[in-house]
Amino acid sequence: MEKILQASRPRLSPSDAAALLGELFGVAADDARDLGSERDQAFLVLSAGSPVSVLKVSNPAEDPEVLDMEAAAALHVHRMDPALGVALPWAVPGAPDTCRAAWSDGENVCWVRAYDVLPGQGRVSATTLDDRALRAWGSTSARLGRALRGFTHPKAHRTMLWDVQHTARTRELLGHIPDADRRATVERVIDRFEEVVAPAWPRLRAQVVHCDFTVDNALTAADGTVTGIVDFGDMSHATLLTDLASLLESLVSGRSGAEMFRAARLVLDGYEQVTPLEPEEVDLIAEVWAARAALNIVISEWRVAQGLEDPVFARRYNDPAAATIASLEAVGWDEARRRLGGRRVEAPTAGLARRRDAVFGPAAEPLSYREPLHVASAQGVWITDIAGRRYLDCYNNVPCVGHAHPRVTAAISRQVRRINTHTRYLSEPAVELAERLVASCPPGLDTVLLVNSGSEANDLAWRLARAATGRDGALCTDFAYHGLTEAVAAVSPEVWLDGRGPDHVETWTPPDPYRGTALGEESFEAALERLGARGHEPAAVYLDPLLTSDGVADLDPAYVRALHRRAKAAGALWIADEVQSGHGRTGETLWAFSRFGIEPDFVTLGKPMGNGHPVAAVITRSDIVRATVGQTLIFSTFGGNPVAAAAALAVLDVIDDERVLDRVRHTGETLRAALRELAGRHPAIGDVRGVGLAAGVEIVHPGGTRPDRATAVTVRDGLRDRGVLVGTTGRAGNVLKIRPPLAFTDREVPVFIDALDATLAAQPGR
């Protein structure tokens, strides 16, 4: 136990304090008011009824170097953030380099300090603080911590029991708590702290902190907001959570149940407005809050038992502290963590799946895999489920440059903390993004319209094509997918579950070199004729350059050029749907259409553009957009908002900085070579095709080319069981779709190949 908590307080009368101010600091005073203190004495000193100073007489056990640290810290905070209103110490007359003067009561020497008087009232009742004040207190605490961030002092590294990191040390004091139930409550909190918090403590952010920013150590305005911060006597080098623990224990005191958690969340909102908390810090808030409440009880009871403090004054917060612990324990630590913004305990997979079915309804696409994947987190090309098992992601193109890429997540976080609004206000990120997209395309594509999703982009392209051509016909491949809006679901045969499309849409069948069919140009020509026969002239042709929904293909550039020429001759505009194929997926160029040597009229992009953050775009020509002027207004409230634009810019930067195209090209070649070698040993693999990091593995019945959907689905699920995720695609559903994030490298290829080899070998009769 530190000596400072064992020594008795000084015993000056108010008149002694008034005289001492004149004697030591040369300021005449005639009265003083005792402000109360745990181990020191503090007085508001008056002259003719007006405050002139706050006089602090330190405990005789106080280390003078610690007092110097307190003075230096206050001065440092004032320099860093003058608006905080920190009480500043006075220099001793004749000794400008020191802020303390010695005084003796005849037995002990105590150090005396004088401070400025700050405006405001003291000891506001926490229960009277409204929502605005609670948030403001949180922000002020974070500002105080930020102002102390660069401060250091040798004496800051000390053992002060009020610092929650030393909670376990108070176990030896439990016997001083007279009430057995309350003693057991405090002991449970100490146990929980040792089990959960202590192991994590060395990983948490630490610095010199105030440690005791509470309603007792602040002055407030009439609205409850802080006007002044006093008493740095408990400061030490500790974690940021130490400050939050004392803040919550003080501000939320007297509230219980749901209201207690609501008020705490408001305080945390204010804090995070200045200093965002790390996930592990948030996860431990409940325990450190409870620990601070427990410290209130055990330290005060020990001091009362030692005769060091007036029992009423010492115990004034014990009942509210016990109530706080009771409220936390009543909901359970896991639920308390969730209510304070931390990670939640995931529901059992089966139960969550039932809840999903009930609330999403019968039309929602079913979950992937025989055994649903219940995800918890992801990084790069790896997804982790709630049981901690990792899965190699060979399927998801939306996290384009890798799950949770640090560049993208940082860009989103920085921008969302700055501003996020619509594009009717000027914002640099949206304009820069549009400029960079234009620069990545052929010169004719000079206009960018920012939206939220690939579906919205394809929908808008269709709307523009109709306006520019005055026509209403559309063509697409015979199992394409271009989106879920009414307009683009019409050109998405994959979702025509009854096999019938709308009257204004026709499909053509791409070539199938594996089966020796080359219907390509003839099929396209026939589709144009069928469309015309129904009275629809073509406004647009949609093409995903990699045919990722049709079964994945490496289309012959000459074939695509021929279709493009025929479409233009028919008066149709060409829409290159790069949602699945773009952003370097081919490894050759940023956009897959470039490999064909054509210039589309529209390029549509989707969520890979923002690594999964909702952002998409239509890149087109200004003359096409001009056709809509005066007819309609093109606007998306949050299309291209600053946060979305920041995410998309970060993705483009990563593609450049990580030389993603080179990596994709090399890894794609390695992957397909390994797949072809595997095909030589497994007759179930009929064909391997693709470009870059888009590969299709066609599963067929042995001895022929007949699609084997059942085996493809079994292989897909078997790979999931072995920790690898792929999908299936194509009209027959027999093509394994391998389309990983572009962070996929040579290191992951053997993991995938070994899992596929084992899965194929495990199939009956193989």
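How many salt bridges does the structure hold? In this predicted model, the count is 52. One of these salt bridges joins the side chains of Arg182 and Asp319, with an N to O distance of 3.0 Å. Arg182 belongs to helix 4 and Asp319 to helix 10 (residues 318-331), so that the pair, 137 residues apart, links distant parts of the chain.

Helix packing was examined next. Two packed helices are described by the angle between their axes and the distance between the axes. For helix 4 (residues 180-197) and helix 8 (residues 285-305), the axes come within 9 Å and cross at roughly 140 degrees. The two helices are therefore oblique to each other, and helix 4 passes helix 8 in a left-handed crossing. On the side of helix 4, the contact is made by Arg182, Val186, Val189, Arg192, Phe193, Val196 and Val197. Helix 8 contributes Glu287, Val288, Ala290, Ala291, Ala294, Ile297 and Val298. By class, this contact has eleven nonpolar residues and three charged ones, with no polar residues. Arg182 thus appears both in the contact with helix 8 and in the salt bridge with Asp319.

Helix 8 also packs with helix 5 (residues 240-251); here the axes come within 8 Å and cross at roughly 65 degrees. The crossing of helix 5 and helix 8 is right-handed. Leu241, Ala245, Ser246, Leu248 and Glu249 of helix 5 make the contact with Ile285, Val288, Trp289, Arg292, Ala293 and Asn296 of helix 8. Seven of the residues in the contact of helix 5 with helix 8 are nonpolar, two are polar and two are charged. Val288 of helix 8 is listed in the contact with helix 4 and also in the contact with helix 5.

A further helix pair is formed by helix 22 (residues 709-721) and helix 23 (residues 749-761), whose axes come within 9 Å and cross at roughly 125 degrees. At that angle helix 22 is oblique to helix 23. The crossing of helix 22 and helix 23 is right-handed. In the contact, Val715, Gly718 and Leu719 of helix 22 meet Phe752, Ala755, Leu756, Thr759 and Leu760 of helix 23. This contact has six nonpolar and two polar residues, and no charged residues.

The sheets were then considered. Strands of a sheet pair through backbone hydrogen bonds, either parallel or antiparallel. One open sheet consists of three strands in the order 6-8-9, and its pairing is antiparallel. Its edge strands are strand 6 (121-122) and strand 9 (226-229), each of which pairs on one side only. Strand 6 is joined to strand 8 (residues 218-220) in the antiparallel sense over two bridges. Within this pairing, Gln121 stands opposite Thr220 in strand 8. Helix 3 (residues 131-147) lies across strand 8 and strand 9, and runs at about 35 degrees to strand 9.

Another open sheet has seven strands in the order 14-20-19-18-17-15-16, and its pairing is mixed. The edges are occupied by strand 14 (447-451) and strand 16 (505-508); each has a single partner strand, so one side of each is left without a neighbour in the sheet. From one strand to the next, the twist averages 20 degrees. Strand 15 (residues 473-477) and strand 17 (residues 538-543) pair in the parallel sense over three bridges. The bridge partner of Leu475 in strand 17 is Val541.

Helices also lie across the seven-stranded sheet. Helix 14 (residues 428-439) lies across strand 14, strand 19 (602-605) and strand 20 (616-620), running at about 130 degrees to strand 14. Helix 18 (residues 557-569) lies across strand 16, strand 17 and strand 18 (573-577), and runs at about 140 degrees to strand 18. Edge strand 14 is thus covered by helix 14 in part of this arrangement, while edge strand 16 is among the strands that helix 18 lies across.

Notes:
Residues numbered from 1 in each chain as written. Predicted model: local features only at pLDDT ≥ 70, side-chain atom pairs only at ≥ 80, totals over all residues. Heavy atoms only, no water. Axes fitted to C-alpha atoms, helices over the stretch in contact; angles between N-to-C directions. Helix = DSSP H or I, 4+ residues; strand = E, 2+ residues; numbered from the N terminus. Parallel < 35°, antiparallel > 145°, perpendicular 65-115°, else oblique. Left-handed = near helix turned anticlockwise from the far one by under 90°. Contact = heavy atoms within 4.5 Å. Nonpolar A, V, L, I, M, F, W, Y, C, P; charged D, E, K, R; others polar. Pairing = 2+ DSSP bridges. Salt bridge = Lys/Arg side-chain N within 4 Å of Asp/Glu carboxyl O.
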